[in-house]
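Good morning, and thank you for making time for this presentation. I would ask you to keep the structure open while I speak.

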Amino acid sequence: MNTRFLGATKILARWSDVSPQRRDGLFVIALALVCFLALTPGLSGEGTSIPHMQLIGLMAAMVVAAVGLNLVSGFAGLISLGQGAMYAVGAYVFGYLSLKGELPTLLAVPITLIVCAVVGVVVALGTARLRGPQFTMITLVLAVLVHKVLVEWPELGAASGYPNTLQHQTGLLPEATVLGFSFVPPLFGGEFASVLVLVLVLTVVALVLYRNLSLSSWGRSLRAVGESDMLASHLGVHVFQRKVAALGITSALGGLGGIFYALLFAHLQPESFDVFFSITILLAVILGGSGTVIGPAVGAVIVVWLERSEVLDGVTELQRQYLSDQWYLSTPGIIGLILIAALFILPRGVVGTISDFAAKRTRRNLTQLTAPPLPTEPLSPSSFLAVNVDEAETRTLLEVAGATKHFGGLLAVNRVDLRVGPGSIHGVIGPNGAGKSSLANLVSGAYRPDSGSILLDGVDIAGRRPDQIARKGLARTFQTPQLFSSATALENVKAGFADTGQLSWWRAALKPRAQYRREVELERMATALLRRVGLLDEAYVLAGSLAYGKARALEIARALASQPKVLILDEPAAGLNSTEVMELGRLLTDLRADGLGMILVEHHMDLISTVADEVTCLAQGTVIAHGTASDVLSDESVMAVYLGAADSPPAESLTEGSQG
Amino acid sequence: MSLIVEDVSSGYGRATVIESINVELAPGRISAVIGSNGAGKSTLARTVCGLLTCRSGSIILDGKPVQKLSAAQRARAGIVMVPEGRRLFAKLTVAENIRMGSYAAAGRGKASTQHVETLLDAFPIIRDRWSQRAGHLSGGEQQMVALTRAVASAPKYLLLDEPSLGLSPKLTQEVFRLIQLIADETNAGIFLIEQMADDALGLAQHANVLEQGLITISGPADELRTSPDVRAAYLGKIH
Amino acid sequence: MEIVVSGLAAGGLFALVAQGFVLTFLTTNTLNFALGEFMVVAAFLALAISSWGWLPSAGKIVFVIAVVGVLGAWTYRLIVLPFSSGHNDTRWLLSTVGLSFIIINMTTNGEGVLRQPLNYGGMDEVVEFLGVRLPSQQGLIAVTAVLVTIALVMVTRMTGLGTRMRAVSEDAEAASLMGISSKRIGMIAYGLAMSVVALAGVLWAAEVGVSPQLGEPLLVGAFAAGIIGGLTSLWGPLLGGGIYGLVTAAVGESAGVMWGEVSGLLIVLAVLMFRPEGLLGRRVDVKL
Amino acid sequence: MHTRWMVPTLATMLIASACGSSGSESSSSADSDATIGVIGPKTGPAPQFYQDTQRGIELATPIIEERYGLELDFVYADDAGSPEGASRAVQKLLNEDDVDAIFGPPTSAPALQIAEVIARSQRPYLLVSASNADLVPTAGDKNFAFRTQWAGPVLNDVNSQVVFSDVDGKKPVVGIAYAADAFGQAAVAQYQELGKELGVEVVGESMQPGATDFTAGAKRLRDAGVNSVFFNFTSGSDIATVTRDMKVVGFDPPRKTTTSNVLANYRELSKPDEWEGLKFVEREDLNSPNFRKVLDAYRSAYGEEPQLPTVVYNVFSALDAYGQGLKAGGADREAVRDAIESAHTVEVEGSTYDTPFAPGDGEFYDADISKWHVMGFDDTPEGNIVTDGTVADCTTRGC
């Protein structure tokens, strides 16, 4: 058994030894090779090869549409049933431009892509705030609308298709021409269907750009959005803008698929682009591995092959022979069955499942083999912490004054003052429902305060969005660690860097030299951070399989990656065993030494009293005690709210609603 | 006849919050589980009533192991919990909320209705709110309705998770009076899971102190009341 | 006047089908995208048993409703429940779409697409109502929609089952502490919902004939009715169906049938964008 | 528990892909004179066209083979009623099966997708069902397409003489209820042109094929004062929807005309009072002895009435024409084409048609439709077909 995987291990190992540039180079070469092999049967141009060429072409079209959809539905978690509609728009716009507009292909293609992107952006502006079913429904309705328009719009030939002899004196679109050389579609025997070359070249380009995009910080930001909008914005991502951009790119790629279709068949019938088609694209994504980088491409190839080849006809025949000649499933039904089956058996899709499997089998070897050249000298803290230690004492990093927040009738945070200096830890304690987390959320921007001011390094951040605040130098962890469980620890840390929120999509896609250097730097810094929190050996372990304590450490590492001035830790010790708590304490004191200011929301009194310089105790949203740990913990009123002695402070309680 | 929790471990996701907990409860008795929050009190409660699955160990209700049953099944079997924060159905009326409780009463309905009557007589305020939406009640009233709802389920054993949460001391006393009444009326055993140690210890006969997911102290309530260790459990040992 | 009456009458059908969406969304936060196909199943079942002379038409319809209801319950148990873990999990959407493919395809292969007349459950007279001519079947369906809605509201308000359903929809965990299994309630909700859909399917099939395409054209309208009215309100479908029926009828008559349908879709878009919870729905606020 | 039944299903599929049996039933044998490819919607929205084309072929082939001493092979391919299906099927027929002639596809969307491909393949292309007018160039020299069903131009004459003819002495207001598909849309465009020529007002109302509500459309026609309405649909069930809703809104114009597509799945879904006064015009008298012979053969072979009698009949004429061509031209497809074009007579079960085609004319039926027949249904629940007489009769003395 294991010997079989040794091979895989070696390959994986080698693969990750290769330098990024060469890795991407190899990827391109591999793609080109595959494409060439795919074309060979048709080089002769014999009529018998036409079905094959059409198959290849359709696969290419589905591949680009599917990888595009993956950005939104796989990474950002917005399930769209509208990709088929974008495909149709692309096909018709391109067809119209090249027949009616008589534009050369080199011009028609980019214009079409832009049109599709614009449509996508417009849709996004209206819908990106929606989540879950609502978003899906809207895309579904849009798909139905587009289909209706295509069936009825006379200018586009309506149901007679575009073009049709009746209106346009021809049933075929003009052949694509680039620089005077014209490309033949795979329709008539006797001639090599040269348009396939054009299609596959564009496919390779699209795939390379898509891959760069999804492996970059930009791609990470989409994954973050998929995890939760809140997490993403705390990582400095402007969620709305990101969703809009993503939908634009998705639509453009969908449109590219449509362009391929027009190039291949030179005639468009609205019936080809119904909702069923949209769903097959989604199926391709899920079957291949929604959220994996290359999975959707694989899924697309499989789905098209299933639909076009006679395999499913074979299945149908088998049913009719052995099950029932009347009640049986043919292609569409079997597709539906596969869809459900895939959800049950391959929840992560073909590629996702395989890679999980491989990762499990080869993790140990990987961590030894593929750890990149780690910085031998321990990276000096200040190189990734923004605070400059020597001038630290002089100023206040975070100053909360009179912060107040109501929920309905409930006063969650009541005129709270709080101050954090550089290189200091401010503990926040208090019984359940005292408003500790609410306070943390006010500071990090998750809630807007009703009143009061919050100054971060002198700048008022009260009421700003979390991503704005994050960029100003505030990072936080969450009560339950929010990690990308299917990504490695290293990837998780990388997601923490400011690039996630700031790298532009086109830079990510084109990936200039500088970007390679930046990636290397990120890798270096991420590794250093992992070492700092003691996770170096787990660098290539999937975050999902980390022990709880380590997961928390990882989240702290990710928070540090954004080079914060202030770090908010929300119950970091919860669920940790005593030794883990000790380690946590050590880490916090180290960070303090680096000049980092921290708010430590915690129940674990031992931890508080060991590390906190100042402690504030909240009850019913109000500050009831403030001072050094020992002062606060021996304060009568504090004891009262914890132990419930008779003379606890008058707490406003007859408010409606519950705080559960 | 007793509810036995036999070295139970449980937690969320990959986190183990409580480990090898052993507690026992006899009918008609009140046993307090105290400890600062984050110590794992709610986790214990949710594990016993079935909202969380036991990682290991067993829960034995009157001789029958129930750790495999779902929360709903356990409720019908007689393990009833009043969750943290009451969790009334805000859009349902007080009456409907209490009727909801009675669905779990299964065969034991008769007795429970009488008990409910007694509670309502003792705390007429609930009757006054009878047909109002539970969402419009104050915290204290909600807690009382929640307790009544639990009694309507004819519990053999009752788990109360932080009944004093968010209540003023005065109201807390009220609620605890109600709990006492329930203990006397229905011969149910009560796990009183509380942060307010002094109040809880005043009510309970027996108590356990939960610290970092472990039971560190266990004994008669009045002994624990005076013990310094209890204070340490809350505010740390370092003074 | 004529437009109003006929529009509302047409809306009645959509309202009835849309109840299938609302009932499941209320209790389980999921939708059955194979709704139209459950109409198809009901219609073919009705056709299959039309030869049972010993059973009066009413009996046959009840039988169909019961059987389809059971199918609905198990649909929830088998392909919805496993794919609706938590708020961000929308895989149920895909599994039910898959189911609809399977049903359409299997019925098409088995029975063909040609419409087959259903010889009971229908009335083919034309009635005058407020001086407007209506097919009595359409009127019947509209009335049924109203009655069913009232009945459902009564059930949820008055009966224990209803209280349970509302409780589960509000806080499934707390409900489980009252000994109520949200799984079973979910199955009941789906059963109920698909029964309503089955009723709509039989009544409509009696008017237009049985075919695998029976549900498809209605789905968009039903969708619209549910979304416009609000998927979290039992009264929603009536309002939504009414509005959708009116608008499509009015626009359809003044600008052409196709534009009628388009206008309906545009309303849905508008509602989804500016009031996703629908006109009568309550906002489901996002928690941290 | 679910995976338990999922796994076997997937397993079956894998097995299937292993043995990957073919989808289209081929019966090519070496010693046949010609292989004819037949494309049609075996599955999909309008299977009746596939079925009756196939059955017509089964009935006509032995006759034709015997008549011309030929042996014909047929390869059937399913286009599933979709453009993709068609473009896949036609490539298979043209390239893998290397067929000598092609039948169909009978429905518009697939036909439109591949019309150009077939036209350029230089093989006789036989159309046996009403498809929209200029779907394929049946005009122009050296066209390979031959249509034995009336289409566009002919339809215009039907209209000018029947639909557009005066209603009680005055120019009519013509209403067209048509399917929102290529067939309907193309037709309605022609009607509107013709309307301009004749100075007749034409109102068009579309309906999605398979839709179940036409009340709005019916009202619009009614309110436009239409008194001569024409139904242009591919399936009778759609016409049933239209006539039902016309009854609902109390719209009963003096003249209701349609095509023989009404015979498919209409009467099952309608009531006598809905088809009262409904007429359809066909070249053939469906009650004529030779047409009856075809129908009887069909009935005895398949134990039911054909959904599309005219399609069956047209297969006979198409095959006869092709048979002649093949006999003359042999393996040379171009020669076959020429022979078909210059065929003197085509015979169908006793009735003969002289010089059906000519250079530049691939249409079997000529434009003079005075000899065509007007038919309707009697008021029995079965709605038996009654022939009112030829168009000429009707225009002179009215029917």
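I shall go through confidence, chain A, the sheet of chain B, and then chain C with the nonpolar core.

Please bear in mind throughout that this is a predicted model. For the complex, the predictor gives an ipTM of 0.85 and a pTM of 0.87. For chain C, the average pLDDT is 88, and 97% of the residues score at least 70.

Let me begin with chain A. Its secondary structure amounts to 27 helices and twelve strands. Of the 660 residues in chain A, 57% are buried. Among the contacts in chain A with a separation of 6 or more, 73% are between residues 24 or more positions apart.

The domain assignment of chain A lists domain 1, covering 18-276, and domain 2, made of 392-486 + 560-643. Taken over C-alpha atoms, the centres of domain 1 and domain 2 of chain A are 48 Å apart. Their contact draws eleven residues from domain 1 of chain A and eleven residues from domain 2 of chain A. Which elements give two or more residues to the side of domain 1 that touches domain 2? They are helix 9 (217-227) and helix 10 (229-234) of chain A. Helix 10 of chain A gives the most to that side, with four residues.

Three places in the backbone of chain A deserve attention. As a reminder, most residues other than glycine have a negative phi, and most peptide bonds are trans. The peptide bond from A:Tyr162 to A:Pro163 is cis, with omega near -10°. A:Pro163 lies in the loop between helix 6 (132-152) and helix 7 (165-168) of chain A.

The second place is A:Asp457, whose phi is positive, near 50°. A:Asp457 belongs to the loop between strand 6 (451-456) and strand 7 (459-460) of chain A. The third is A:Glu571, which also has a positive phi near 50°. A:Glu571 sits in the loop between strand 9 (566-570) and helix 24 (578-593) of chain A.

Are these two residues buried or partly exposed? A:Asp457 counts as partly exposed because it has 19 C-beta neighbours inside 10 Å. A:Glu571 is buried, since 22 other C-beta atoms lie within 10 Å. The threshold for a buried residue is 20 or more such atoms.

I turn now to chain B. Here an open sheet of six strands, with mixed pairing, follows the order 6-7-8-3-9-10. Why do strand 6 (79-82) and strand 10 (214-220) of chain B each have one side without a neighbour in the sheet? Both stand at the edges and each has a single partner strand, so one side of each is left without a neighbour. From one strand to the next, the twist averages 20°.

Strand 9 (residues 206-211) and strand 10 of chain B run antiparallel and are joined by six bridges. Within this pair, B:His206 stands opposite B:Pro220 in strand 10 of chain B. Helix 1 (residues 41-49) of chain B packs on the sheet. This helix touches strand 3 (30-34), strand 6, strand 7 (157-161), strand 8 (189-194) and strand 9 of chain B. The direction of helix 1 makes about 150° with that of strand 7 of chain B.

Finally, chain C and the core. The largest nonpolar core has 520 residues, and those with the most contacts inside it are A:Met62, A:Ala66, A:Ala557, C:Ala42, C:Ala43 and C:Val202. Helix 8 (residues 182-208) of chain C supplies the largest share of this core, 19 residues. Beyond its neighbours within four places in sequence, C:Ala43 contacts C:Leu118, C:Gly201, C:Val202, C:Ala205, C:Val210 and C:Leu214.

C:Asn109 is placed in helix 4 (residues 91-111) of chain C. It is buried, because 22 other C-beta atoms lie within 10 Å. Leaving out residues up to four places away in sequence, C:Asn109 touches A:Tyr328 and A:Ser330. The C-alpha atoms of C:Asn109 and C:Pro212 are separated by 9.5 Å, although the two residues are 103 residues apart along the chain.

Chain C also contains a hairpin. Strand 1 (residues 126-129) and strand 2 (residues 132-135) of chain C pair in the antiparallel sense over four bridges. In this pairing, C:Val127 stands opposite C:Leu134 in strand 2 of chain C. The hairpin has two residues between the strands, and C:Leu130 takes a positive phi near 50°.

Thank you for your attention.

Note on methods: Residues numbered from 1 in each chain as written. Chains lettered and ligands numbered in written order. Predicted model: local features only at pLDDT ≥ 70, side-chain atom pairs only at ≥ 80, totals over all residues. Buried ≥ 20, exposed ≤ 12 C-beta atoms within 10 Å, placed from the backbone. Contact = placed C-beta atoms within 7 Å. pLDDT = per-residue confidence, 0-100. Core = buried A, V, L, I, M, F, W, Y, C linked by C-beta atoms within 7 Å. Pairing = 2+ DSSP bridges. Axes fitted to C-alpha atoms, helices over the stretch in contact; angles between N-to-C directions. Domains from an automatic or database assignment.
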